[in-house]
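Work through these exercises with the structure open beside you. Try each task before you read its solution.

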Amino acid sequence: MKKYILILIIIALILVGGILFVQNQGSQNNPIGTANNANAIREVIANNSDDPGSVEVIRNVGNPNGEKIAYVVGVHPLEHEVHETLVKILPETNNLNYSYDIYIINVTDDVGHYGSGYSDKDDKGRQNGQNLAYKYVYPKIVNGSYKAAIDVHSNIGAYPYKTFVFSPVNEGSGEKYASDVAGKCENITYYSPQSTTSGPFLTIPLNEHGIPAFYFEEYSFADQSTKDMHVKELIKAVDGLKFK
């Protein structure tokens, strides 16, 4: 009898150890599960078969008691390297003043590639991302009590500046906050292109409906260490903004 009890105890200990090991591995593989972002969660907010992609959000990064700020990545799918950089670095940043939600657009249809020869209006991947942004991200932000929103993009170097911020709506809070960010950064300037294809789908309607919104543009062909440096500058500057 004692022999069977001993065997049962050994089996129980093995099972408990296995469960603890799996839980520990799961927490190590969760990029949000850090002490700094214990309140952060990642969830899917749109994944419909009739859409050209899906949308996720990482909520509550940083200070859970701070004012809310939204970042958006993935509107233009070919610019994914800077998107991935922001998604990696922001949740790893300590001592943030504000609470951040990162909206992630995952375009799966007609993603395309640089050098395709399409004009902006004929690039289906860009348009798919813009449509997803307007359909799912815009209403979440405009109704989400955010103090500001930053739409993250990259460019191939056709502008006078390669790394910059700007708001497509002049003389508003979005322009002011973008200018404030540039003023805090050594490597990020304020430069406003004449037009933007994605503006009407996110940043313009956000500004028009009371959410200050602006772009961050990184140079697509910068090396990864440079992208990391610029994104860290952006995060620090945004976290130092003073809101009304």
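Buried means under 20% relative accessible area, and exposed means over 50%. The model is predicted.

**Exercise 1. Find which residues of helix α4 are buried, and say how they are placed around the axis.**

Step 1. Locate the helix. α4 covers residues 173-184, which makes 12 residues.

Step 2. Check its length. From first C-alpha to last, α4 reaches 17 Å, close to the 16 Å expected at 1.5 Å a residue.

Step 3. Apply the cut-off. Gly174, Tyr177, Ala178, Val181 and Ala182 of α4 are buried.

Step 4. Look down the axis. These residues cover an arc of only 140°, so they sit on the same side of α4. Recall the general rule: an α-helix has 3.6 residues a turn, so residues three or four places apart point the same way.

Step 5. Ask what covers them. The cover includes strands β5 (146-155), β6, β7 (189-190) and β8 (213-219). Helices α5 (203-208) and α6 (224-239) are also part of the cover.

**Exercise 2. Decide whether valine 165 is buried or exposed, and list what it is in contact with.**

Step 1. Place the residue. Valine 165 lies in strand β6, residues 164-166.

Step 2. Read its accessibility. The relative accessible area is 0%, so valine 165 is buried.

Step 3. Set aside the neighbours within four places in sequence. Contacts of valine 165 then include Ala178, Val181 and Ala182. Those three are among the buried residues of α4.

Step 4. Complete the list. Valine 165 is also in contact with Ile188, Thr189, Tyr190, Tyr191, Phe214, Tyr215, Phe216 and Leu234. Leu234 is one of the buried residues of α6.

Step 5. Compare sequence with space. Valine 152 is 13 residues from valine 165 in sequence, and their C-alpha atoms are 9.4 Å apart.

**Exercise 3. Work out the order of the strands in the sheet, and name its edge strands.**

Step 1. Count the elements. The chain has six helices and eight strands. From the N terminus they run α-β-β-β-α-β-α-β-β-α-β-α-β-α.

Step 2. Start with β1 and β2. Strand β1 (residues 41-46) pairs with β2 (residues 53-62) in the antiparallel sense, over five bridges. Glutamate 43 stands opposite valine 57 in β2. Six residues lie between the two strands, which form a hairpin.

Step 3. Move on to β4. Eight bridges join β2 to β4 (residues 99-107), and these two run antiparallel. Glycine 62 faces serine 99 in β4.

Step 4. Write out the whole order. The open sheet of eight strands runs β1-β2-β4-β3-β5-β8-β6-β7, with mixed pairing.

Step 5. Pick the edges. They are β1 and β7, since each pairs on one side only.

**Exercise 4. Say where asparagine 60 and serine 145 are found, and what their phi values are.**

Step 1. Recall the background. Most residues other than glycine have a negative phi.

Step 2. Take asparagine 60. It is found in strand β2. Its phi is positive, about 65°, although it is not a glycine. At 29% relative accessibility, asparagine 60 is partly exposed.

Step 3. Take serine 145. It is in the loop between α3 (124-142) and β5. Its phi is near 60°, again a positive value in a residue other than glycine. At 63% relative accessibility, serine 145 counts as exposed.

**Exercise 5. Find the side chain that makes a polar contact with the side chain of serine 220.**

Step 1. Place serine 220. It is in the loop between β8 and α6.

Step 2. Judge its exposure. At 10% relative accessibility, serine 220 counts as buried.

Step 3. Name the partner. The side chain of serine 154 makes the polar contact, at 3.0 Å.

**Exercise 6. Find out which stretches have a pLDDT below 50.**

Step 1. Begin with the whole chain. The average pLDDT is 86, and 80% of the residues score at least 70.

Step 2. Find the first stretch. Residues 16-31 have a pLDDT below 50, with two contacts in the model beyond near neighbours in sequence.

Step 3. Find the other stretch. Residues 114-119 are also below 50, with six such contacts.

Step 4. Finish with the totals. The chain has 244 residues, and 44% of them count as buried. Among contacts between residues at least 6 apart in sequence, 79% join residues at least 24 apart.

Notes:
Residues are numbered from 1 along each chain as its sequence is written. Side-chain values use heavy atoms; hydrogens and water are left out. Helices (H or I, at least four residues) and strands (E, at least two) are DSSP runs, numbered from the N terminus. Buried means under 20% relative accessible area, exposed over 50%, partly exposed in between (1.4 Å probe, protein chains only). Contact means heavy atoms within 4.5 Å. The expected span of a helix is 1.5 Å times one less than its number of residues. The arc is that of the directions from the helix axis to the C-beta atoms. Two strands pair if DSSP finds at least two bridges between them. pLDDT is the predictor's confidence in each residue, from 0 to 100. A polar contact is a pair of N or O atoms within 3.5 Å; within protein, one must be able to donate a hydrogen and the other to accept it, and residues adjacent in sequence count only if both atoms are side-chain atoms.
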